[in-house]
Each structure stands twice: as C-alpha cells, then as structure tokens.
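Here is a short report on one strand with its neighbours, and on one pocket. Look over the sequence and the structure first.

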Amino acid sequence: MKLGFIGCGNMATAIIGGVLKKGILAPDEIIASALHQETLSRVSEMYHIHTTLDNREAAAADIVVLAVKPHFYEQVIQEIRNTVSDSQIIVSIAPGKSIETITGWFRKPVKLVRTMPNTPALVCEGMTAVCPSETVTEEELKEVLTLFEACGKAEVMPERLVDAVVSVSGSSPAYVFLFIEALADGAVRDGLPRSQAYRLVAQAVLGSAKMVLETGKHPGELKDMVCSPAGTTIEAIAALEKAGFRNAVLAGMEACTNKANSMK
C-alpha cells in the first residue's frame, strides 16, 4: 500500500510518525508533498520518506490524506482531481468541510473518509473521529482506522456528529492547555518555580484523564473521591462553580461548534 500526504503540517507528521513507529508501513511506502522545499527537507530528514513539490504525484497513492488548511482544500482538489481515481481512498482532516462539499469539488464520486483528529496525535495520544462516505467499504474503513490508531484512538460516527467532535476533542486540547497554564500560574503565585509547576500540573491532568479512561467511574464520582468534608478541595470546587467554570466551558464549546457549522 502507498500512503500519500498533501501537506506536511503537524497532523501529517503525527500520522507519519505513528505509522512508521508501529511498523504499519515502511518509509518507501509513504510520499508527502508541500508548498516549500524547506518543509519537505525537514520531513525527509526526520522520516526518510519520499517527498515532492508536485501534489499530483502524492495524489497517486492508494490512500491520500488532504493535510492542508481548510481554506486550501478547493484549490488543491481542483489540482489533483484528474489524478484521483475511484479506487483510491481520500482522507479529509478539515473541520467544517462536509463530505458533500468535498465530493462536489472533485466533481465525481470518490471514496472519502472525513476525520477530525487532534494534536495529541503528535505524542501518539490522539483522538480521531472517523466518518466514511457511503462508497467506502468496511475493509477500506479498517485501513483508515489503522492509520489513526497508530497515533492514538479512533471512533467511527455519523457525519451529523462530526461538528460536535470539533469542540469536544478536536479543539479541546487548547482548552486543556489553557487550564494547565492557569493552574501553573496559581502555583507560581503560591511560590513554586514555573518549570516545576508545569510538571506537577501536567502530570495531575494526565493522571486524572487516565483515571476516567481506566476506572470507568463517572467523573463526578472521581471528583467526590478528592473532596473531603469541609476540606480544601471542596472549597476550591465551590469557588470555581461560583465563577461559572462549567458555563464558561460550555460557552466555549458552543462557540467552537457554531464556528465549525459556519465553515461548511
């Protein structure tokens, strides 16, 4: 199998790194294109894959990942659509671009899989929503899932839910980074060195997430386990709730989802 990437940004390199690390493909089975030779030289040096400045060359692969920014999708598809055949699998990672919209730009039926990954894929802890078009077979879907599971976890879902995934996992690492930064600021205010504060906070967030995934307990139950009667933690929870912590998170997610809907 040949795997092609049009664009060599964070998500492309995350998938490439995961696929190679897991031994799913060899470097000579992967090709990537980009606008600048400097980008290609960096990726080639890191992964020893084939690179090209010609998007059409990358588009000849068995699976082609469109890894450019969403506003470049139409332009890139116009460039490669005569190269793409109905036997290839096209993978989209663009938020807000529907299967119908992307297929329309190709001006012909294509095997399209719409995905919504996130940046933790860079450390093989990504979360990707996967939505296949009706033309994609079960076997072809499994091939795409294998690629994304090489750099984290993947969930198949209907397209009507994909825009919601943008706010809940696609963009949410940014919310978590903001939370980590805020916690670290509080630790610095209390006297901790900033580098140590970041390590303490990041490990606490990592461990908390792992407890949710591995214990199967409701997050509220896990929260209650930390809150002793008349203790320090419940005092902090009360202050956060008074400041509208949950509503702020919900408002941010709503704004994110609305933006994704407006990009169709």
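## Strand E7 and a pocket

Strand E7 is joined to strand E8 (residues 152-156) by 5 bridges, and the two run parallel. The model is a predicted one. Within this pairing, Met127 stands opposite Lys153 of E8.

E7 also pairs with strand E6 (residues 111-116). Here there are 4 bridges, and the strands run antiparallel. Met116 has Ala129 in E7 as its bridge partner.

The table sets the two pairings side by side.

| Pair | Bridges | Direction |
|---|---|---|
| E6 and E7 | 4 bridges | antiparallel |
| E7 and E8 | 5 bridges | parallel |

How covered is strand E7? Mostly: E7 spans residues 126-132, and 5 of its 7 residues are buried, with under 20% relative accessible area.

Helix H6 (residues 138-149) belongs to this part of the fold too. Together, E7, H6 and E8 form a β-α-β unit, and the unit is right-handed.

Now the pocket. The second largest pocket has a volume of about 980 Å³. It is lined by 36 residues, and those closest to its centre are Gly9, Ala67, Val68, Lys69 and Pro70. Four helices each give two or more residues to this lining: H1 (10-21), H4 (73-80), H7 (162-170) and H12 (245-262).

What classes of residue make up the lining of the second largest pocket? There are 21 nonpolar, 12 polar and 3 charged residues.

Technical notes. Residues are numbered from 1 along each chain as its sequence is written. This is a predicted model: local features need pLDDT of at least 70, side-chain atom pairs count only at pLDDT 80 or more; totals for chains, interfaces and linings use all residues. Side-chain values use heavy atoms; hydrogens and water are left out. Buried means under 20% relative accessible area, exposed over 50%, partly exposed in between (1.4 Å probe, protein chains only). Two strands pair if DSSP finds at least two bridges between them. A crossover is right-handed if, with the strands pointing away from the viewer, the path from the first strand over the helix to the second runs clockwise. On a 1 Å grid over the protein atoms alone, a cavity is a set of points where a 1.4 Å probe fits but cannot get out, and a pocket is an open set with protein on both sides within 12 Å along at least five of seven lines; lining residues have an atom within 4 Å of a point. Grid points are joined across faces, edges and corners, and a volume is the space filled by probe spheres set on the points. Ala, Val, Leu, Ile, Met, Phe, Trp, Tyr, Cys and Pro count as nonpolar, Asp, Glu, Lys and Arg as charged, and the others, Gly among them, as polar.
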